[in-house]
Amino acid sequence: MALFIEQLVNGLTVGAVYSLVALGYTMVYGVMRMINFAHGDFFMIGSYLGFTLVSSALLGGAIPLWAALIVVVVLSMAGVALLGVIVERAAYRPLRRSSRLTAVVSAIGVSIFLQNAVMLIWGPRYRAYPPWSVPSITWQVGGIYINFMQVLILAVSFGLMVALYLFVQRTTVGAAIRATAIDHDTARLMGIDVDQIIRLIFLIGPALGAAAGVLLGLYYRQIHFTVGWTYGLKAFTAAIMGGIGNIPGAMVGGLLLGILEMLGAGYISSAWKDVFVFLILILLLMFRPTGLLGERIAEKV
Amino acid sequence: MAGRVERANSASRLGTPLPLVGSYLSKWGLPVIIGIGIIFPHVAGNYWIDVAVFWGIYVLLGLSLNIIVGEVGLFNMGHSAFFAIGAYTTAILSERFGVSLWLLLPLSGLAAGVAGYILAKPIIHLRGDYLLIVTIGLNEIIRITLLNNPLGLTGGPNGIIMLDQFRIFGHAIERPMDFYYLVWAFVAITVFVLIRIQRSRIGRCWNYVREDEIAAQAMGIDTRWAKLIAFTLGAAIAGATGTVFAAKLVVISPESFTFMESVILFCIVILGGMGSIPGVILGSAGMMVLPELLRNFAQFRMLFFGLALVLMMIFRPQGLWPSRRWTTILREGEGE
Amino acid sequence: MRAEEQVLLKLNKLTKNFGGLKAVDVFDLDVASGSITSLIGPNGAGKTTVFNLITGIYRPEAGSIEFDGRELIGRQPHQVAKAGIARTFQTLRLFENLTCFENVLSGQHCRTCSGIISSVLGTSAQRREEAEVRGEAERCLKLVDMWDFRDELARNLPYGYRRRLEIARALATQPHLLVLDEPAGGLNEKESADLMELIQGIRDSGITIFLIEHDMQVVMGISDWVAVMDNGRKISEGTPYDVQHDARVIEAYLGTDDDDDFYSKASAGEEWEGEGRT
């Protein structure tokens with residue numbers, strides 16, 4: 001039982017990170033019907049930016065640790081959000097009217113470009129967050145251990161997800177996003193600046209991805225320029241599991257994926273955990289072809 | 001009987017000659033290209049011959065994926081799984097049981113084809129992006145399985161060393177030049193077969209499914225069957241290519257069959273022009289030969305490569321050599 | 001009069017719900033062999049749903065569809081096509097990136113059988129079949145007077161031709177019953193007149209026609225039998241004359257759809273019919 005709860009906590013922690021990244025996939029898909037293959041790389045760049053900031057003099061003791069962490073996360077988010085907007089403008093906007101496959105290949109091109117740019121800037125080897133970047137506090141709660149980073153990840157990701165949900169559901173801009181997701185042309189007729197909305201999506205999505213990147217870097221401490229693909233793939237899987245295009249779906253899908261993965265690692269074996277995860281995905285889609293919370297889309301005949 | 005229709009703008013293009021590239025290729029281009037192809041290994045160094053061998057292997061893989069992605073429009077981004085099944089079937093049967101490679105060629109194709117059929121059957125109804133992630137998942141499942149060395153068959157991360165070679169009248173195919181001719185002979189055969197299929201009832205029904213599935217059904221096409229045939233055939237050709245690959249590489253390990261490989265194959269099809277055979281050949285050249293040409297820029301080459309993909313999609317989204325066979329077919333039809 | 005005719009398609013107590021909405025509600029209709037039968041009704045009455053039930057795209061909750069004495073319910077759309085029912089779509093569904101000729105070739109798929117191996121080998125049976133298929137496609141394209149456009153991509157065609165191409169494509173399946181979903185939608189007066197001539201020609205060649213149409217001139221001009229649908233139910237049926245003078249029909253139209261002034265259109269149709277029929 002202790003193993004179960006421990007793996008559940010581990011799963012929630014990783015799952016929260018997946019959820020944050022999955023949101024970026026699902027929002028872009030919802031508004032543009034496009035799989036942004038480069039999204040995993042935004043996440044990866046977030047963790048590298050965080051690494052640079054953490055390693056810099058910032059944490060030398062001039063300001064308290066908690067303030068420094070906030071500064072690191074916010075700055076990384078801002079940097080990657082800027083990058084997201086640039087990528088959208090340069091590589092995706094010219095393709096908005098062309099076929100979806102073209103956009104997918106363009107996104108793959110962006111992804112290869114970003115990965116190699118990171119490799120050239122930060123080097124091809126693993127980089128490690130310095131050990132002093134987070135306090136090594138561990139609590140014991142009813143027989144299981146929970147460390148500071150797990151609490152931080154859960155707190156930050158749930159905070160961001162609730163904020164995003166409220167933003168999309170309760171504000172006028174959020175309504176505009178939802179309208180754009182349904183139909184670009186009608187949204188335009190209603191006076192919504194669709195370009196502006198897409199730009200906003202490419203601000204929010206990469207920013208969330210960057211936050212996840214910093215959190216994961218702090219958690220595992222080791223980062224590499226290829227993690228964008230590994231985690232991007234998992235997050236994309238999570239978005240599909242939840243029903244792509246659906247914001248709560250991405251959150252649920254991410255948590256579910258994290259938990260499944262950690263239970264698989266705990267009870268089956270860590271070498272087979274990904275096989276387990278993908279089998280579940282395939283079974284799920286066989287019975288619910290549009291994911292857990294995805295709408296059943298019957299084509300209009 | 002039929003009502004009269006005004007022909008205000010008769011848009012018929014029947015009178016216009018074939019586009020220049022096409023006519024040159026049919027008259028002079030093809031013999032010249034074949035001639036260059038035959039002479040090439042006698043003038044080029046081994047390094048470039050090897051590049052051409054791998055180019056050929058990617059052409060075969062690209063052609064096999066083109067059936068699935070280009071002709072039917074199914075988003076398969078896990079194609080290297082079938083390539084892996086073929087290569088491992090070859091390596092295991094050759095090393096354990098000493099089966100000849102000529103026999104393993106169809107056998108690996110069969111193994112991958114059967115696997116393709118069984119794996120695709122329950123998921124073939126999924127819509128675009130859902131199919132995409134499922135095929136990626138299949139690719140990962142197969143790669144991880146190979147990595148985990150089930151029953152000690154696959155050799156884990158180190159893979160399998162396969163020493164046997166193709167033999168023609170006792171002459172082992174070992175030198176890069178031999179491989180060059182072998183691989184491109186396979187390419188020629190595959191292209192011939194695929195052109196025949198493209199111009200047949202089956203090839204046409206694949207395109208109908210790609211264009212509009214519901215309309216295709218209304219015309220009496222069993223779209224599920226059409227998709228499954230394409231998936232099976234594509235997987236089988238990839239599997240047979242696995243045999244050639246195993247013979248060339250000697251060491252077969254899971255790292256040759258990653259998700260990244262599948263992504264590259266996918267890009268080859270789109271880059272070349274969906275459903276276009278010459279497009280696949282050019283697209284593979286773009287993916288395989290271009291990075292070699294950029295070797296002088298060593299570390300920057302993949303950076304350029306990513307950039308080139310984006311620029312291609314922006315400025316030439318229809319691909320390097322878009323499919324244009326439909327008009328040609330018709331002209332042939334009239335000639336008969 | 002109707003009793004003597006042979007029934008080709010028999011819809012019996014057909015019912016289809018979408019959530020709480022009864023799209024088709026215990027709907028009965030007989031389509032006589034060799035007739036032109038029309039289904040009319042206000043927007044949202046459930047006409048297209050009836051067509052989708054017949055062609056196997058939807059499955060009804062209850063009822064039966066008998067075609068040529070065989071039950072159609074439970075068959076896939078491609079099986080329905082093979083059984084001899086071809087259709088067109090209200091929102092055109094052409095194979096946009098293929099030429100007109102290829103579009104029409106698609107119809108022959110279910111009448112042929114060449115597989116991969118015979119195609120690769122180019123067997124004589126396969127070549128003979130190809131020649132037949134091309135011949136049939138040529139015949140169908142010529143029938144709608146579009147042979148000159150055979151090399152044109154479907155997406156480059158002007159609207160009126162797109163409608164005709166869809167009809168040619170459906171004819172290429174060699175159907176017994178042709179189901180047309182608003183064939184005159186979006187056509188100008190000249191084009192609809194041509195279309196009527198075409199539809200009558202098709203009927204005269206022995207193919208039964210079942211159509212949905214909003215253009216009352218077309219409906220009243222060519223139909224042998226008209227059924228009227230409202231809110232998923234059949235409210236009236238009969239000859240064009242009977243239906244035009246049925247109070248329930250007039251009410252259904254005037255009561256629900258102000259733009260579609262049925263009565264004036266219907267009268268216009270009557271006049272037109274008077275001119276057209278000799």
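How many residues does the contact take from chain B and from chain C? It takes 36 residues from chain B and 43 residues from chain C. Keep in mind that this is a predicted model.

On the chain B side, the elements that give two or more residues to the contact with chain C are helices H6 (176–198), H7 (201–211), H8 (213–218) and H13 (325–335) of chain B. H7(B) brings the largest share, seven residues.

Now look inside chain C. Its domain assignment gives domain 1 (2–84 + 175–276) and domain 2 (95–172), and the C-alpha centres of these two domains of chain C lie 27 Å apart. Where they touch, 11 residues come from domain 1 of chain C and eight residues from domain 2 of chain C. Helix H2 (77–83) and helix H7 (189–204) of chain C each supply at least two residues of the domain 1 side.

Here is how two of these contact sides divide by residue class:

| Side | Nonpolar | Polar | Charged |
|---|---|---|---|
| Domain 1 of chain C, touching domain 2 of chain C | seven residues | two residues | two residues |
| Chain B, touching chain C | 18 residues | nine residues | nine residues |

Chain C also has an open sheet of four strands, with antiparallel pairing in the order E2-E1-E4-E5. Strand E2 (21–32) and strand E5 (70–71) of chain C stand at the edges with a single partner strand each, so one side of each has no neighbour in the sheet. E2(C) pairs with strand E1 (residues 7–18) of chain C over eight bridges, in the antiparallel sense, and C:Phe18 stands opposite C:Leu21 in E2(C). Helix H1 (residues 47–54) of chain C packs on this sheet, touching E1, E2 and strand E4 (62–67) of chain C. The direction of that helix makes about 65° with that of E2(C).

How values were computed: Residues are numbered from 1 along each chain as its sequence is written. Chains are lettered from A and ligands numbered from 1 in the order in which they are written. This is a predicted model: local features need pLDDT of at least 70, side-chain atom pairs count only at pLDDT 80 or more; totals for chains, interfaces and linings use all residues. Domain bounds come from an automatic or database domain assignment. Two residues are in contact if their C-beta atoms, placed from the backbone, lie within 7 Å. Ala, Val, Leu, Ile, Met, Phe, Trp, Tyr, Cys and Pro count as nonpolar, Asp, Glu, Lys and Arg as charged, and the others, Gly among them, as polar. Two strands pair if DSSP finds at least two bridges between them. Axes are lines fitted to C-alpha atoms, for helices over the stretch in contact, and angles run from 0 to 180 degrees between N-to-C directions.
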